[in-house]
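Dear colleague,

I am handing over the structure below, and I would be grateful if you could look through it before reading the notes that follow.

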Amino acid sequence: MDLADRLHRVLADAKYLSLSTMSADRRPWTSVLQYAWLPNPLRFLFGSATQSRHSRHVAARPRVSGALFVTGGALTEVDGAQFTGTCRELTPDEVRTHHATFYDALLPDEASRAEYTLPVSALLPPAEHRIYQVTVDRVWLVDTSTWIEDRIDRRIEVDLP
């Protein structure tokens, strides 16, 4: 499987991402978040309360990093990606544009989607929840080609489209 196919598999199969942020006074934090992804350019969308620690960090320092992880059960079936990027709150127009895509990805079951989807108005100021976007500028995959031979955990940077 080529790198682009592997990255697509990780993006499609990982249900959560770990997002690492840093406060204004340089205290690190990592949050596990359910997400949707958008291609070209690669972006991750997640919902959060404006007063959550990671949301406050993003407001102060928008540079972030993170990781996604999937497994098929056996150690050799593990795959994942790490990324860096810039995070921000979506604008009201972007919330309206991506609202359905975001909730379709997070809640693929129609009944769950009907029960848990917040209306657009609940995601716009002055509401307490927002949709955030990480625009990915670099992404790496686990280098599975050599690990089986030498057990050294390496990464391969993947070119973004």
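In what follows, two residues are said to be in contact when they have heavy atoms within 4.5 Å. Please keep in mind that this is a predicted model.

With that meaning of contact, and leaving aside its neighbours within four places in sequence, Thr 84 is in contact with Arg 63, Val 64, Ser 65, Thr 135, Val 136, Asp 137, Arg 138 and Trp 140. Thr 84 has its place in strand β6, which covers residues 79-89, and with a relative accessible area of 18% Thr 84 counts as buried, because the limit for that class is under 20%. One of these contacting residues, Asp 137, is also joined to Thr 84 by a polar contact of 2.5 Å between the two side chains.

Strand β6 also holds one end of a salt bridge, in which the side chains of Glu 89 and Arg 130 meet at 2.9 Å, N to O. Since Arg 130 lies in strand β7 (residues 129-142) and Glu 89 in strand β6, the pair ties together parts that are 41 residues apart in sequence. The two partners are placed in separate accessibility classes: Arg 130 is buried, with a relative accessible area of 10%, whereas Glu 89, at 33%, counts as partly exposed.

How many salt bridges are there by the rule applied here? The count comes to twelve, and a few further ones may be worth your attention. The side chains of Asp 150 and Arg 154 meet in a salt bridge of 2.9 Å, N to O, and here both partners are partly exposed, Asp 150 with a relative accessible area of 34% and Arg 154 with one of 29%. Another salt bridge, at 2.6 Å, N to O, brings together the side chains of Arg 155 and Asp 153; in this pair Arg 155 is partly exposed at 35%, while Asp 153 is exposed, with a relative accessibility of 54%. There is also a network of salt bridges, which links Arg 6, Arg 9, Asp 13 and Asp 79.

Finally, a remark on Asp 93, which lies in helix α3, residues 92-106. Its relative accessible area is 55%, so Asp 93 falls in the exposed class, for which the value has to be over 50%. The C-alpha atom of Asp 93 is separated by 9.7 Å from that of Leu 124, a residue 31 positions away along the chain.

With kind regards

Conventions: Residues numbered from 1 in each chain as written. Predicted model: local features only at pLDDT ≥ 70, side-chain atom pairs only at ≥ 80, totals over all residues. Heavy atoms only, no water. Helix = DSSP H or I, 4+ residues; strand = E, 2+ residues; numbered from the N terminus. Buried < 20%, exposed > 50% of the residue type's maximum accessible area, 1.4 Å probe, protein only. Polar contact = N/O pair within 3.5 Å; in protein donor to acceptor, adjacent residues only side chain to side chain. Salt bridge = Lys/Arg side-chain N within 4 Å of Asp/Glu carboxyl O.
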